[in-house]
Amino acid sequence: MLNKNVDLNKKTILITGAAGFIGANLSKVLLELYDKIRIIGIDSMNDYYDVALKEYRLDKIRQEQKTAASEFIFLKGNLADKAFIDRIFKEYTPDIVVNLAAQAGVRYSITNPDVYMESNVIGFYNILEACRHSYDNGNKGVEHLVYASSSSVYGSNRKIPYSTEDKVDNPVSLYAATKKSNELFAHAYSKLYDIPSTGLRFFTVYGPAGRPDMAYFGFTDKLVNNDTIKIFNYGNCKRDFTYIDDIVKGIVEVMQRSPQANEDGVRYKVYNIGNNKPENLLDFVEILQEELKAADVLPEDYDFDQHKELVGMQPGDVEVTYADVSELERDFGFKPSTSLRDGLRKFARWYREYQA
C-alpha cells in the first residue's frame with residue numbers, strides 16, 4: 001500500500017510511555033535526528049518495575065537534549081485520566097501521536113487484570129477520543145496516530161511466520177486481548193473520524209536498559225545472584241527477538257508515512273516489526289551467558305548448567321513467535337537486521353556499566 005509522506009520537521013510529537021523502554025529510545029533518537037521538533041513525553045512512572053530505571057532513561061533523554069536543537073517536555077500522568085489527556089492535547093496540539101504506554105507482560109495480566117483494562121483499554125480510548133476532537137473547530141488535527149500492538153495477538157496461531165493477514169480472534173492472555181482491542185478501536189475511529197492510524201505488532205523487544213521482567217534481563221539478574229533460572233516448555237520455545245534500535249528505526253520510518261485509504265476507505269494499517277528469525281530459547285540463554293562472561297558480568301568459570309531448570313509451559317505463553325515482515329519491507333524498504341549475539345553483547349556491556 002502506498003503511503004503519503006508526513007514531514008516530522010517542526011512538528012509537535014506526543015509520545016506516551018516516554019520513560020518506558022521503547023518510548024525513551026524513540027525520544028532520544030528523534031532528538032538526534034531532527035533539529036526543530038517538540039516532543040511531549042508522558043508517563044505514569046508506575047512501579048511495575050524499578051522506577052529508578054525509568055528515571056535513568058529520562059536522564060539519558062535530557063542529556064541528549066542538552067546538545068539538541070529540539071525540545072523535550074516531560075509530563076507525569078496516567079492515560080486513564082481523561083482530563084489530563086484532554087489538557088495535553090488542548091495545550092500542545094500534537095501533530096503526531098505515538099502511543100507506547102501500556103501495562104506490559106503476559107503473566108502479570110493473569111494475576112492483575114485491572115491495570116490492563118485501565119491502561120490498555122481506557123487509556124487508549126482516551127487517546128483516540130483526544131485525536132478525534134483534535135479536528136474540532138476547523139483545526140488540522142492529528143496527522144498520524146502510531147500505536148503499539150504486540151505479537152501476543154497471534155495467540156496459539158499455528159501458521160508461521162505470523163502475517164498481519166492471519167485471523168487473530170483467539171488470544172490466550174488478557175494482555176493479548178487488550179492489544180487486539182486497540183487495533184479494533186483504532187480501526188473504528190479511523191473509519192468514523194478519518195484518523196490515519198498505524199498499529200505495530202512488536203516481537204520480543206530487547207536491548208540495553210530494557211524491561212527487567214523480560215527473560216534476558218531477569219535471567220541475568222538471577223545468574224549474577226547465583227540463582228536458578230527457569231526455562232519454560234523445557235527449552236522448546238522459540239522467540240523472534242528484535243533489538244531495540246531496529247524497533248525504533250521502524251517506528252521512525254512508519255511515523256513519516258500515514259496510510260492511504262484502503263479498499264474500504266479507511267486510513268488504517270497494521271505491520272509486524274520482528275527480526276524474521278525465531279531463536280530457540282536454549283540457544284538464546286547459551287549466547288546470553290557467553291556474552292555475560294565476555295563482558296565480565298559473570299566469571300569465566302561460571303557453570304551455567306548448574307543454574308538452569310527446565311520446566312513446563314506457563315499459562316498465556318506460546319511455543320513460537322515468528323514475524324512475517326514482508327509488508328514492512330515492501331512499504332518502507334526496511335526490516336530489522338541486528339543479530340541476537342550482537343544485541344545481547346550490547347546488553348551485557350550496558351548491564352556491567354549500569355550495575356557498577
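## Asp246 in helix α8

Let's begin with one acidic residue: Asp246 sits in helix α8, which covers residues 244–255. Keep in mind as you look around that this is a predicted model. Is Asp246 buried or exposed? Its relative accessible area is 7%, and buried means under 20%, so Asp246 counts as buried.

You may also like to locate Asp246 relative to Lys293. The two residues are 47 residues apart in sequence, and their C-alpha atoms are 25 Å apart in space.

## Strand β5 and its neighbours

Next comes strand β5, made of residues 96–99. Which residues cover its two faces? Ile96 and Val98 lie on one side, Val97 and Asn99 lie on the other, and all of them are buried.

Strand β5 has pairing partners to explore too. Strand β2 (residues 12–16) runs parallel to β5 and is joined to it by four bridges. Here Ile15 is found opposite Val98 of β5. Strand β6 (residues 144–150) also pairs with β5 in the parallel sense, over four bridges. On that side, Ile96 has His144 of β6 as its bridge partner.

## A negative patch on the surface

Finally, take a look at the surface, where Asp296, Glu300, Asp301 and Asp303 form a negative patch. One of these residues, Glu300, belongs to the loop that links α9 (281–294) with β15 (308–310).

How does Glu300 fare for accessibility: buried or exposed? With a relative accessible area of 64%, Glu300 is over the 50% cut-off and therefore counts as exposed.

Methods. Residues are numbered from 1 along each chain as its sequence is written. This is a predicted model: local features need pLDDT of at least 70, side-chain atom pairs count only at pLDDT 80 or more; totals for chains, interfaces and linings use all residues. Side-chain values use heavy atoms; hydrogens and water are left out. Patches are made of residues with over 30% relative accessible area and no salt bridge: like charges are joined within 9 Å, nonpolar side chains (Val, Leu, Ile, Met, Phe, Trp, Tyr) within 5 Å. Accessible areas come from the Shrake-Rupley method with a 1.4 Å probe; for residues, only the protein chains shown count as cover. A salt bridge is a side-chain nitrogen of Lys or Arg within 4 Å of a carboxyl oxygen of Asp or Glu. Lys and Arg count as positive and Asp and Glu as negative; His and the chain ends are not counted. The place of a charge is taken as NZ of Lys, CZ of Arg, CG of Asp or CD of Glu. Buried means under 20% relative accessible area, exposed over 50%, partly exposed in between (1.4 Å probe, protein chains only). Two strands pair if DSSP finds at least two bridges between them.
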